[in-house]
Amino acid sequence: MPSSDYDPASLPDLLPLYYRRLFPFSQYYRWLNYGGVQKNYFQNREFSFTLKDDIYVRYQSFTTQNELEKEMQKMNPYKIDIGAIYSHRPNQHNTVKSGTFQALEKELVFDIDMTDYDDVRSCCSAADICCKCWTLMTIAIRILDRALREDFGFQHLLWVYSGRRGVHCWVCDEAARKLSVAARSAVAEYLSLIKGGEETVKKVVLTDPIHPFIRESLAVVERYFPRYALQEQDILGRKESVDKVLSLVPEDILFTVKELQQDFQNEKKPESRWKLVRDQATKKQATAKKGQYFEKEIMLQYCYPRLDVNVSKGVNHLLKSPFSVHPKTGRISVPINLKELDVFDPFAVPTISLICEELDRPRAGEDEEKSEESKDKENEKDAAERRKIRDYKRTTLAKYVKYFDQFLDAMARSWKGELLRKSDLQKEF
Amino acid sequence: MQFMSRQKKLLPNSHTELYGQCLQFYGQPPLENIALSEFETFAVERLKLLKTVENLGVSYVKLSEQYTKKLDQESKNLNFPYRADADDRKSQSGPSEIEKRRKDHISHFILRLAYCQTEDLRRWFIQQEVDLFRYRFSYLSSKQKLEFLHKNNLQYDAISVEEKKALQDKLVNSSYAVSGITVEDQDFYKVPFQDALDLVRTRKVYLKAGYVYIPHQDIVTIILNDFRTRLSKALALTARSLPAVHSDERLQPLLNHLSHAYVGQDYSIQKNVGKISLEQIDSLSGKSFPLCMRQLHQALRENHHLRHGGRMQYGLFLKGIGLSLEQALQFWRSEFIRGKVDADKFDKAYAYSIRHMFGKEGKRTDYTPYSCMKVILSNPPSQGDHHGCPFRHSDPELLKQKLQFYKVSPSGISQILELVKGMHYQLACQKYFELTHNIEDITFSLNHPNQYFVESQKVLGGGKDIKREMDTPQRSQENSGRGSAAAREAAAAANASQHLAEMTEELDSFFQDA
């Protein structure tokens, strides 16, 4: 898919177009309103905008979808962050008695950033990503998605590409939105296996018994490990990498390391070398009480998701909004369809310049679309709306908005149930 | 929040309903009328029970056989409920089970008033109430435990045997403490993960679809945490309603008395008066005084003076060990004169307060030597003071130096400092006793400086004969302690009815849950 070259300097021209004709406001509002089940949920939500020249404004809030649209079209923010639902309207927080203005609820969020893996990826570093290391994100999403659904029972998860070097997860279940700080941090720690920073060599230590969560996560890692680590990252290829891997074998099993180093003299193929490592580990598991799971620990250290607990802990933490633009890359923060996860290509994600360009290009089959839509929607919406709906559909953004719609449909079923329950309690008919 | 309908007089039926279960979370305050004498009696008796809980917790492993037997005994003696299967049998003499539970309910709420005021008091109260709850909960059958959970809206259901079998591997692999046998033998409960965050955070439990699966052995921890949290919040709320309570003249002295009361042997009745000579005090201070009094004595000798707090704490202690009034006057006078005070000034200013301590002046006879709790909790020392509890009030560095100066071994010092770090001040003092008397394990639990002195003299009096006799004197001391406490109670009740009209007034205004 051809990507128009994006130039950050063109943002001031592209953003107005984006916010007037492409940003999916009605879906966005539908999401954040959560079916109107709780009063003032949308009105008390904090947004923050980063404007031109890095001007940052917090505590933005809006009473209606229309107001949101008008403001965004007026301000043309470079970046949009979503914060918490507060006790009062954020844009009136200065009028509230100090101490009473409080963050009450927010989605449970996770932020996976590729830079946190710099010590275990050899292809890129810092803000760069490539198709080789992107597998780390795939692994992270699979592991965390499974755990959040099966272990914690959450159902409404929105995974979003951050636009440059990572992914975010928004857990939108009602129970998740109501979690306390302590609960959020407990969830994040349950999901954390990598401990230690610059100073720590060995970042994963497993002890008996191995918790079912770890077993499930290992199963995912093992699926991707041969191709990702042994081939693409070639961790058992160059001597430097080999040494790094062997440094993760516990010191009291030093004998093992020496043996392996010798064996590696004769065996050059990565897969075979790894088999040697596994065989050693199996031997140790039969006898040793400690440090016997080193081959699992190696796999986890190279592949297991690294999340920033601080992002997940705070109820008031602001996180980049879906459908926001990444100013440096121009890419739109699009939702990721997990059904197509293995083929997701971050470099195929549309940039703002691409979709703006696509707006002007007539698309094949558009006439067909036009007539169908006239039949369905002519009496319901006015012409401008119709045009707007057609607008994003003409671009590569369409499929992502469609997926977002499906996500919202699934949630809407639970809102409906809630509204019914509430009206029953109040005896409204 | 729902309240029971207010009634001026409660029918016996509603008592049966309210107190249908032996154990409760104390969620709702009592709403009935209660006589003032009952108010104080209930509170004092619960305080005794909690003190016993504290002492037993120090001397025995919680829920061990000795622990539960002794706590059973105390509960029985004080007419508190203690067995889950006890029915309301009229055949027993004394109060019925319902009456015991009512007393339990009311006394808990009264003590909340007394113990919500400071962080230290709250911590102590919560700790003893949690331990008491744990002990009572252990008596419930599995079925009763489930009933209790349901009645208190704790959504913990036990999973079926089939489900247990199906999850067996996962359960065993989730926790180091869970084996195949655990799964077979014990019930497992489904608990929402938000109620078990510590287990989730450390991944010590099996988690599925938002529920953790906890074996019976661990469910108590969850419930206790729940109880502790609820009580902590309730105490914070209670503290807010205190101004209203304190404005009531009848209750304020009672509540103050409760929060500082030492219930038990109070050393107010002097024994061995005159048996100790003034010349012995210096050597006694090194051998048989607890650290707080040794410190005060040393400060007095060095500075020839002590400020008011120190004079009270030390002076009453000396009275307790048997100094007569004449001896005391001589003792203080001779020391103060060496300092900046001349004989005249002493007679005018200080002698009066010493006579006061001995009940020879004024009306109050309440000057009993301070218990450890009183020393630790009230009147913290400030600059220039030497009173208080060194384990509680001294900077650990200074405490260490002091112990070194008193020739305590380095390993002993670190043991003491560990206990201090864990806020076990009385245990630290016990350790000090053991180290200075060269004993392995003392047989008493320390809660009074004069007790320290008496026990020390026993040990130093030495010999096997004394040791065998030690049990009997202790018991007789406890009895006399109870005797004197009972006498005090009667006096207090008499006072209550003497000075205050016995009015019945509604308590609910004092127990406002927000």
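## Close-up views of a predicted two-chain model

**Figure 1. Leu191(A) and its neighbours.** Beyond the residues up to four places away in sequence, Leu191(A) touches Phe110(A), Leu144(A), Ala147(A), Leu148(A), Phe152(A), Phe213(A), Tyr304(A) and Leu307(A). Please keep in mind, here and in every view that follows, that this is a predicted model. Leu191(A) also belongs to the largest nonpolar core, which has 194 residues. Together with Tyr18(A) and Trp31(A), Leu191(A) is among the three members that touch the most others in that core. In chain B, domain 1 (2-148 + 224-258) and domain 2 (152-223) both contribute residues to this core, so it lies between them. A separate core holds 55 residues, including Leu316(B), Ile321(B), Cys429(B) and Leu446(B). As background, nonpolar side chains in soluble globular proteins tend to be buried together.

**Figure 2. Helix H2 of chain A, with Trp31(A).** How many of the nine residues of helix H2 (residues 25-33) of chain A are buried? Seven of them are, so this helix is largely enclosed by the rest of the structure. If you would like to find them in the view, the buried residues of H2(A) are Phe25(A), Gln27(A), Tyr28(A), Tyr29(A), Trp31(A), Leu32(A) and Asn33(A). Trp31(A) is worth picking out, being one of the three residues that touch the most other members of the 194-residue core. Following H2(A) comes Tyr34(A), with a positive phi near 50 degrees. For chain A as a whole, 52% of its 429 residues are buried. The chain has 16 helices and eight strands. Of the contacts in chain A between residues at least 6 apart in sequence, 70% link residues at least 24 apart.

**Figure 3. Where chain A meets chain B.** Here 23 residues of chain A are in contact with 19 residues of chain B. The two chains bury about 1600 Å² between them, and 62% of that is on carbon and sulfur atoms. How many salt bridges are counted between chain A and chain B? The count is one. Arg201(B) pairs with Glu189(A) in a salt bridge whose closest N and O atoms are 3.3 Å apart.

**Figure 4. Asp151(A), with contacts in both chains.** This residue lies in helix H4 (residues 135-151) of chain A. Is Asp151(A) buried or exposed? With a relative accessibility of 7%, Asp151(A) counts as buried. Setting aside neighbours within four places in sequence, Asp151(A) contacts Arg146(A), Tyr190(A) and Phe213(A), and from chain B also Leu207(B), Lys208(B), Ala209(B), Gly210(B) and Tyr211(B). Phe213(A) may look familiar, as it is also among the residues touched by Leu191(A).

**Figure 5. Backbone features to look for in chain A.** Most residues other than glycine have a negative phi, and most peptide bonds are trans. Asp53(A), not a glycine, has a positive phi of about 60 degrees. You will find Asp53(A) in the loop between strand E1 (45-51) and strand E2 (55-60), where its 67% relative accessibility makes it exposed. Asp234(A) also has a positive phi, near 55 degrees. Asp234(A) sits in the loop between H7 and helix H8 (239-246) and is partly exposed, with a relative accessible area of 28%. The peptide bond from Asp208(A) to Pro209(A) is cis, its omega being near -15 degrees. Pro209(A) is in the loop that runs between helix H6 (181-190) and helix H7 (212-232).

**Figure 6. Helix H10 of chain B.** Helix H10 (residues 216-240) has 25 residues. From first C-alpha to last, H10 reaches 37 Å, close to the 36 Å expected at 1.5 Å a residue. Its buried residues include His216(B), Ile219(B), Ile222(B), Ile223(B), Phe227(B), Leu231(B) and Leu235(B). Asp226(B) and Thr238(B) are also among the buried residues of this helix.

**Figure 7. Two buried residues of chain B, Phe39(B) and Gln451(B).** Phe39(B) belongs to helix H2 (residues 36-59) of chain B and counts as buried at 2% relative accessibility. Along the chain, Phe39(B) and Ile110(B) are 71 residues apart, while their C-alpha atoms are separated by 7.6 Å. Gln451(B) is in helix H23 (residues 449-461) and counts as buried at 10% relative accessibility. Its C-alpha is 9.1 Å from that of Ser371(B), with their positions 80 residues apart in sequence. Leaving out neighbours within four places, Gln451(B) is in contact with Tyr267(B), Phe444(B), Ser445(B) and Leu446(B).

Methods
Residues are numbered from 1 along each chain as its sequence is written. Chains are lettered from A and ligands numbered from 1 in the order in which they are written. Side-chain values use heavy atoms; hydrogens and water are left out. Helices (H or I, at least four residues) and strands (E, at least two) are DSSP runs, numbered from the N terminus. The expected span of a helix is 1.5 Å times one less than its number of residues. Buried means under 20% relative accessible area, exposed over 50%, partly exposed in between (1.4 Å probe, protein chains only). A nonpolar core is a set of buried Ala, Val, Leu, Ile, Met, Phe, Trp, Tyr and Cys residues joined through side-chain atoms within 4.5 Å. Domain bounds come from an automatic or database domain assignment. Contact means heavy atoms within 4.5 Å. Buried area is the accessible area (1.4 Å probe) that two parts lose on being put together, summed over both. A salt bridge is a side-chain nitrogen of Lys or Arg within 4 Å of a carboxyl oxygen of Asp or Glu.
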